[in-house]
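Here are a few exercises to help you find your way around a new structure. Try each one yourself, then read through the solution.

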Amino acid sequence: MKTTLKSHYDVIIVGSGPAGLGAAFKVAENSNLSVLLIEKKKISSGGLRNDCKQNYTFPVGFPYEHWKKEEAEELLKEVRVHLNPKMETRQNIDKYINRAQKIGVEILSIDQAHVGTDKSSELIGSLIERLKSLHVEVALHTEVKELSNKTKELTLEDGNILCFKHLILAPGRADYDWLQEQMDRLDIAYSDNIVDIGVRIETREANYPIVREYYDPKILFPNKVRTFCTNSGCAHIVREKYKGYYSVNGHSLSRENARNDLVNFAMLKTIRLTEPVVSGQQFGKILGEMVMQLSGGSVIMQRVGDFRMGIRSKKETFNSDLYDFEPTLKSAIAGDLSLSMPAKILRDIWKSLKMLDTIIPGILHPSTIIYYPEIKTYSNKPHFVDDFFMVKDGYYIIGDGAGTSRGITGAWASGIRAVNGILKKGS
Ligand SMILES: Cc1cc2nc3c(=O)[nH]c(=O)nc-3n(C[C@H](O)[C@H](O)[C@H](O)COP(=O)(O)OP(=O)(O)OC[C@H]3O[C@@H](n4cnc5c(N)ncnc54)[C@H](O)[C@@H]3O)c2cc1C
């Protein structure tokens, strides 16, 4: 049943991902302001509904341009209180760290918790119930169509108009174009020049045993290449639809599920564009569209054995002989990575994979699968007018869609910081 909405709220939050939730809890627990949390999906809560790995060590998820270690650590304490993480243990990783150091690679030691795709809805449900008990109104399946460029009002898809004193926009990455339109309407300056392009690796857990000791190893290679979002135990790869292309991504289920003994993780290279192309989103889209053309409308995959020999992977031979496990993403098309990926990105990622194979021998087993593309477009970085992510009086933009975070905990912390700005103003 849809919530009957009032016509005015002190604070309206758009988007119930971790950034929106962080803001909602902060304002509800620290003021008497009336709060409305709007979410266009039927179920809350953005990216929390995925694998839900939570990283609790700076700088993972906290872009340096917006965060200092001390502040991030302070806010992470508040994030912990709400997400109540059960920390993973980390053991015997010194041998990997030492090997890595010798070849100029850094392994970060990160505090992590993992919920699992099958369990995250329970967590989200309980967060929403707690918000309601704090008198936050939650409007699910309610989409904000546009913001007024004259008054502090927004229009919902159903035509309803709502007024606010403070507006916190937390629409996430997928809705970057909507956010861009709103910033244009409100005359808010922004830029967008970073994109992460890379591959997702899938292999047997035996070929990447570090995951038995460190759930999501954060490994930094030269040339801005890094590991990202490792899944193991009961892990699988998915294809996500973006506007005009697909990107791969990884999931794993909670520990209660039977293991499939596979592991997957991304190897991403950060690209910062300068003139004449300055849009990371546009660049990512162009590359994604090219893969769509080459794969007949999907994503591609290639076995390391084929890649090394410079031959394309083929459907007929994909699971033969040494290639001894089935890909978990059935819709990926066996193909040729080198035909689809810009040379500089491929070179840097392949070099990093070879370094990884030196640190953790086995990852470049011929059967290992490389999926492409994994594209992370980050943000339309708004021009903030203060330290609380305010873009103009009463308007705040936060989370992955605004480049203030790159993950669940950073997004939640961004919500807290924006509300700190509102509370500081005293109304
Ligand atoms: C498959 C996948 C797995 C991931 N796994 C992890 C992980 O394990 N650990 C981690 O730290 N990060 C992970 N991430 C990244 C993480 O999800 C994001 O960093 C985080 O969710 C960003 O939070 P956010 O609140 O900024 O945006 P989001 O979580 O994207 O939330 C934005 C919300 O706003 C809503 N919205 C958008 N526009 C409107 C509108 N006009 N009206 C109303 N509602 C609107 C959207 O529906 C969405 O629910 C993963 C991402 C994906 C896609």
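The expected span of a helix is 1.5 Å times one less than its number of residues. Keep that rule handy for the opening exercise, and remember as you go that this is a predicted model.

**Exercise 1. Work out what span α10 should have, and check it against the ends of the helix.**

Start with the boundaries: α10 covers 408–425. That gives 18 residues, so at 1.5 Å a residue the helix should span 26 Å. Now look at the two ends: their C-alpha atoms are 27 Å apart, which agrees with the expected value.

Next, step just past the helix. There you meet Gly-426, with a positive phi of about 85 degrees.

**Exercise 2. Decide whether α10 is largely enclosed or not.**

For this you need a cut-off: a residue is buried if 20 or more other C-beta atoms lie within 10 Å of its own. In α10, 13 of the 18 residues are buried, so the helix is largely enclosed by the rest of the structure.

**Exercise 3. Describe the shell around the ligand: how many residues surround the ligand, and which are the closest?**

Begin with the count: 36 residues surround the ligand. The closest are Gly-17, Gly-46, Gly-47, Gly-172 and Gly-399.

Then sort the shell by type. It holds twelve nonpolar, 15 polar and nine charged residues.

Finally, see which elements contribute. α1 (18–30), β3 (53–55) and α10 each supply at least two residues, and α1 gives the most, with three.

**Exercise 4. Split the protein into domains and look at where they touch.**

Domain 1 is made of 8–92, 115–191 and 380–425, while domain 2 is 195–377. Taken over C-alpha atoms, the centres of the two domains are 29 Å apart.

Now for the contact between them: 17 residues of domain 1 meet 15 residues of domain 2. On the domain 1 side, these residues divide into three nonpolar, six polar and eight charged.

**Exercise 5. Trace the open sheet and follow β13 through it.**

First, get the order. Eight strands run β4-β12-β13-β16-β11-β19-β17-β18, with mixed pairing. At the edges sit β4 (106–108) and β18 (333–334), each pairing on one side only.

Next, take β13 and its partners in turn. With β12, β13 pairs in the antiparallel sense over two bridges, and Leu-220 stands opposite Arg-226 in β13. Three residues lie between these strands in their hairpin, where Asn-223 takes a positive phi near 60 degrees. With β16, β13 also runs antiparallel, joined by five bridges; here Asn-231 stands opposite Asn-264 in β16.

To finish, check how covered β13 is: seven of its seven residues are buried.

**Exercise 6. Is Phe-164 buried or exposed?**

Find Phe-164 in strand β9 (residues 161–169). Count its C-beta neighbours inside 10 Å: there are 23, so Phe-164 counts as buried.

Then list its contacts, leaving aside neighbours within four places in sequence: Tyr-9, Val-11, Ile-12 and Lys-152. As a last step, compare Phe-164 with Ile-360, which is 196 residues away along the chain; their C-alpha atoms are separated by 54 Å.

Key
Residues are numbered from 1 along each chain as its sequence is written. This is a predicted model: local features need pLDDT of at least 70, side-chain atom pairs count only at pLDDT 80 or more; totals for chains, interfaces and linings use all residues. A residue is near a molecule or strand if its C-beta atom, placed from the backbone, lies within 6 Å of it. Helices (H or I, at least four residues) and strands (E, at least two) are DSSP runs, numbered from the N terminus. Ala, Val, Leu, Ile, Met, Phe, Trp, Tyr, Cys and Pro count as nonpolar, Asp, Glu, Lys and Arg as charged, and the others, Gly among them, as polar. A residue is buried if 20 or more other C-beta atoms lie within 10 Å of its own, exposed if 12 or fewer, and partly exposed in between; C-beta atoms are placed from the backbone. Domain bounds come from an automatic or database domain assignment. Two residues are in contact if their C-beta atoms, placed from the backbone, lie within 7 Å. Two strands pair if DSSP finds at least two bridges between them.
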